[in-house]
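Q: I should like a close look at a single part of this structure, with the surroundings of that part taken up afterwards. Please give the answer as one connected account.

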Amino acid sequence: VEHTPIQTQDGPVQVTISLGVHSFEPEDSYEGTIESEIERLIDRADQALLVAKNSGRNRVMIWSRQAIT
């Protein structure tokens, strides 16, 4: 992304991106309602995003207990 400027009327704009990723794994325990599980997935992806942002630009961080603690 960083090496592909977006062309605008005012000229090119350089963009960077950081991502936080988490997915539901079969070994994850189902602890409540589907809504609470979705909330947990979003929370963990958000935690990973914060780690990615604190690590610099253009990062993808996959949630894991080791990476977050």
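With which residue does Glu37 form a salt bridge, and how far apart are the closest N and O atoms?

A: The model is a predicted one. In it, Glu37 pairs with Arg40 in a salt bridge whose closest N and O atoms are 2.8 Å apart. A search of the whole structure finds one salt bridge. Side chains of opposite charge can pair when their charged atoms come close.

Both partners belong to helix 1, which spans residues 34-54, and Glu37 and Arg40 are three residues apart there, about one turn of the helix. An α-helix has 3.6 residues a turn, so residues three or four places apart point the same way. Glu37 has a relative accessibility of 6% and therefore counts as buried, the limit being under 20%.

The helix that carries this pair has 21 residues, and the distance from its first C-alpha to its last is 30 Å, close to the 30 Å expected at 1.5 Å a residue. The buried residues of helix 1 are Glu37, Arg40, Arg44, Ala45, Ala48 and Ala52. Because these residues cover an arc of only 130 degrees around the axis, they lie on the same side of helix 1. Both members of the salt bridge are thus among the buried residues of the helix. On the other side of helix 1, the exposed residues are Glu35, Glu39, Ile42, Lys53 and Asn54. Just after the helix, Gly56 adopts a positive phi of about 125 degrees.

Two further residues of the buried side show what helix 1 meets elsewhere in the chain. Arg44 lies in helix 1 and has a relative accessible area of 9%, so this arginine is classed as buried. Leaving aside residues up to four places away in sequence, Arg44 touches His22, Trp63 and Arg65. Ala45 is also part of helix 1; its relative accessible area is 18%, which means that Ala45 is buried, since the cut-off is under 20%. With the same neighbours in sequence set aside, Ala45 touches Gly20, Val21 and His22. His22 is thus touched by Arg44 and by Ala45. The C-alpha atoms of Ala45 and Ile62 are separated by 7.6 Å, although the two residues are 17 apart along the chain.

Val21 and Ile62 also belong to a nonpolar patch on the surface, together with Val1, Ile17, Leu19 and Val60, and the accessible area of the patch is about 520 Å². The elements that give two or more residues to this patch are strand 3 (19-21) and strand 4 (60-62). Val60 lies in strand 4 and, with a relative accessible area of 56%, is exposed.

The whole chain provides the setting for this part. There are two helices and four strands, following the pattern β-β-β-α-β-α along the sequence. The chain has 69 residues, of which 16% count as buried. Among contacts with a separation of 6 or more, 42% are between residues 24 or more positions apart. The accessible surface of the chain comes to about 5,500 Å², and carbon and sulfur atoms account for 55% of that area.

Note on methods. Residues are numbered from 1 along each chain as its sequence is written. This is a predicted model: local features need pLDDT of at least 70, side-chain atom pairs count only at pLDDT 80 or more; totals for chains, interfaces and linings use all residues. Side-chain values use heavy atoms; hydrogens and water are left out. Patches are made of residues with over 30% relative accessible area and no salt bridge: like charges are joined within 9 Å, nonpolar side chains (Val, Leu, Ile, Met, Phe, Trp, Tyr) within 5 Å. Accessible areas come from the Shrake-Rupley method with a 1.4 Å probe; for residues, only the protein chains shown count as cover. A salt bridge is a side-chain nitrogen of Lys or Arg within 4 Å of a carboxyl oxygen of Asp or Glu. Buried means under 20% relative accessible area, exposed over 50%, partly exposed in between (1.4 Å probe, protein chains only). Contact means heavy atoms within 4.5 Å. The expected span of a helix is 1.5 Å times one less than its number of residues. The arc is that of the directions from the helix axis to the C-beta atoms.
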